[in-house]
Amino acid sequence: MGCDSLDTIVSMKQTEITFTMNERSVRALHSAVIYTLERWSGQGELDQECLLCIKPHLQGCIFEFDFEHDMD
C-alpha cells in the first residue's frame with residue numbers, strides 16, 4: 001500500500017482535506033517544496049512552517065513508493 005492520501009491545512013481555520021496523489025505527483029510536489037525552502041526569501045513565516053511540516057510527509061511517501069518498487 002503506497003501513500004495514497006495526504007492531509008493538509010488549507011486555511012487559517014485549520015480546515016483539513018484529504019486527496020489522492022500518484023507517485024509522479026508526490027515526487028513533483030516534494031521537489032517544489034525543497035526548491036521553495038532552499039530559496040526562501042524570509043517572507044511569510046507561516047508559509048515556511050507549513051512547508052517544513054509537509055516536507056517529511058512527502059519524503060515518507062517517496063520512501064513508501066521506493067519500498068514498493070524494491071518489493072516488485
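This report describes the fold, the helix packing and the salt bridges of one protein chain. The structure is a predicted model.

**Overall arrangement and confidence**

The chain contains two helices and two strands, and along the sequence these elements follow the pattern β-β-α-α. Of the 72 residues in the chain, 19% are buried. When contacts between residues at least 6 apart in sequence are considered, 48% of them join residues at least 24 apart.

The mean pLDDT of the chain is 83, and 82% of the residues reach 70 or more. Among the elements, helix 1 has the highest mean pLDDT, at 96, whereas strand 1 (residues 5-9) has the lowest, at 49. Over residues 1-5 the pLDDT is below 50, although this stretch has 13 contacts in the model beyond near neighbours in sequence.

**Packing of the two helices**

Helix 1 spans residues 23-38 and helix 2 spans residues 45-71; they pack at an angle of about 145°, and their axes lie 9 Å apart. Their crossing is left-handed. On the side of helix 1, the residues of the contact include Val 26, Leu 29, Val 33, Ile 34 and Leu 37. Helix 2 contributes, among others, Leu 51, Leu 52, Ile 54, Leu 58, Ile 62 and Phe 65. By class, the residues of this contact divide into twelve nonpolar, five polar and four charged.

One of the residues of the contact from helix 1 is His 30. Is His 30 buried or exposed? With a relative accessible area of 11%, His 30 falls under the 20% cut-off and is therefore buried. Leaving aside residues up to four places away in sequence, His 30 touches Lys 55, Leu 58, Gln 59 and Ile 62. These four residues are also listed among those that helix 2 brings to the contact.

**Salt bridges**

A search of the whole structure finds three salt bridges. They are set out below with the distance between the closest N and O atoms.

| Salt bridge | N to O distance |
|---|---|
| Arg 27 and Glu 23 | 2.9 Å |
| Asp 66 and Arg 27 | 2.4 Å |
| Glu 38 and Arg 39 | 3.2 Å |

Glu 23, Arg 27 and Asp 66 are linked in a network of salt bridges. Within this network, Arg 27 and Glu 23 both belong to helix 1, and because they are four residues apart, about one helical turn separates them. The pair of Asp 66 and Arg 27 is arranged otherwise: Asp 66 lies in helix 2 and Arg 27 in helix 1, so this pair ties together parts that are 39 residues apart in sequence. Glu 23, Arg 27 and Asp 66 also appear among the residues of the contact between the helices.

How accessible are the residues that form these salt bridges? Arg 27 counts as partly exposed, at 30% relative accessibility. Asp 66 likewise counts as partly exposed, at 31%. In the salt bridge of Glu 38 with Arg 39, Glu 38 is exposed, with a relative accessible area of 59%, while Arg 39 counts as partly exposed at 49% relative accessibility.

**Summary**

In this predicted model, helix 1 and helix 2 pack with a left-handed crossing. Their contact holds nonpolar, polar and charged residues, and the salt bridge of Asp 66 with Arg 27 joins helix 2 to helix 1.

Definitions and conventions:
Residues numbered from 1 in each chain as written. Predicted model: local features only at pLDDT ≥ 70, side-chain atom pairs only at ≥ 80, totals over all residues. Heavy atoms only, no water. Axes fitted to C-alpha atoms, helices over the stretch in contact; angles between N-to-C directions. Left-handed = near helix turned anticlockwise from the far one by under 90°. Contact = heavy atoms within 4.5 Å. Nonpolar A, V, L, I, M, F, W, Y, C, P; charged D, E, K, R; others polar. pLDDT = per-residue confidence, 0-100. Salt bridge = Lys/Arg side-chain N within 4 Å of Asp/Glu carboxyl O. Buried < 20%, exposed > 50% of the residue type's maximum accessible area, 1.4 Å probe, protein only.
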